[in-house]
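This report describes selected features of one protein model. Please look at the sequence and the structure below before reading on.

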Amino acid sequence: NREMSNTEMLKKILVMESERLEYGNIRRNDLSELDKEEFELISEKMKDKYKNLLMYDNIRSLDESLREISKHKPDVIIDDYIQLIQVPGVREGRRFEIEKIMQEYKWVCKTEDCSAILVSQLNREIEKRLDPRPRMSDYAESGVIEQTAESAMFVFYGHNFDSERYSPYKSEVIVSKSRYGKIGTHMIGFNGGRCKFYMNSDMAEKDNIA
């Protein structure tokens, strides 16, 4: 977690696991007595369910990241997001830093037999287009990411761009590159208050808290 604290991430996980809590209420500390009971119950359940989850919000450099990966040998790594990684010793510019990050992650995944999901920033130009759906050229330092990644995917939530045109309960997963599969767009459901994605928008809408 390079942008969000572990505390905030745990709040989101807790909401995902709950059937009544909403993220906005937890952030504002606006909880009823029933909500507080639910909070404590889910917190206890999470201790066992997520006992193998390791989260860091204080790792800044690439070397530190690779050291922790080699130490713990995880099955899956999620790094959010790579533009915030410090890369000492690279003087040629940010493009070369991203190239080193991608190459080192690819190597450590091979060495430790694990998978990595690397979250990347997009260029701001996307906000100026008539069709704001992201594409490969929207990656910051796109050439390096496009060439090195095994798969490249985007999550498009149209409601953020045009609340009248797009439903708040619909989202798209756009697979622009897949070395071992198919490219295409998959329509899914999303509910921000519940911090969840769903198989479809109907399921997302029905999961509102009364």
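## A charge over a ring

The model is predicted. In it, R95 lies over the face of F96, and the distance to the ring centre is 5.5 Å.

## The sheet

Four strands make up an open sheet, ordered β3-β4-β5-β6, with antiparallel pairing. The edges are taken by β3 and β6 (196-198); each has a single partner strand, so one side of each lacks a neighbour in the sheet. On average, and with direction ignored, neighbouring strands of this sheet are turned by 35° against each other.

The strands β5 and β6 run antiparallel and are joined by three bridges. In one pairing, N191 has K196, in β6, as its bridge partner. In general, the strands of a sheet pair through backbone hydrogen bonds, and the pairing may be parallel or antiparallel.

## Aromatic pairs

The structure holds five aromatic pairs. In one of them, the ring centres of Y157 and F190 are 5.0 Å apart and the planes stand at 70°; the pair is edge-to-face because that angle is over 60 degrees. This pair links distant parts of the chain, with the two positions 33 residues apart in numbering. Y157 belongs to the loop between β3 (151-156) and β4 (170-178), while F190 belongs to strand β5 (residues 184-191).

F190 also forms an aromatic pair with F197, at 4.9 Å centre to centre and with 40° between the planes, and this pair is tilted. Are these three residues buried or exposed? Y157 has 17% relative accessibility and counts as buried, because the limit for buried is under 20%. F190, at 17%, counts as buried too. F197 has 47% relative accessibility and therefore counts as partly exposed.

Elsewhere, F156, F161 and Y166 form one aromatic cluster.

## Cysteines

How many disulfides does the structure hold? The number is zero. A disulfide is a covalent bond that connects the sulfur atoms of two cysteines. For C114, the closest cysteine sulfur is in C109, at 4.1 Å, which is too far for a bond because a disulfide needs the two sulfur atoms within 2.5 Å.

C114 is buried, and its relative accessible area is 10%. C195 counts as buried as well, at 15% relative accessibility.

Note on methods:
Residues numbered from 1 in each chain as written. Predicted model: local features only at pLDDT ≥ 70, side-chain atom pairs only at ≥ 80, totals over all residues. Heavy atoms only, no water. Phe/Tyr/Trp six-rings, centres within 6.5 Å; stacked < 30°, edge-to-face > 60°. Buried < 20%, exposed > 50% of the residue type's maximum accessible area, 1.4 Å probe, protein only. Lys NZ or Arg CZ within 6 Å of the ring centre and 35° of its normal. Pairing = 2+ DSSP bridges. Axes fitted to C-alpha atoms, helices over the stretch in contact; angles between N-to-C directions.
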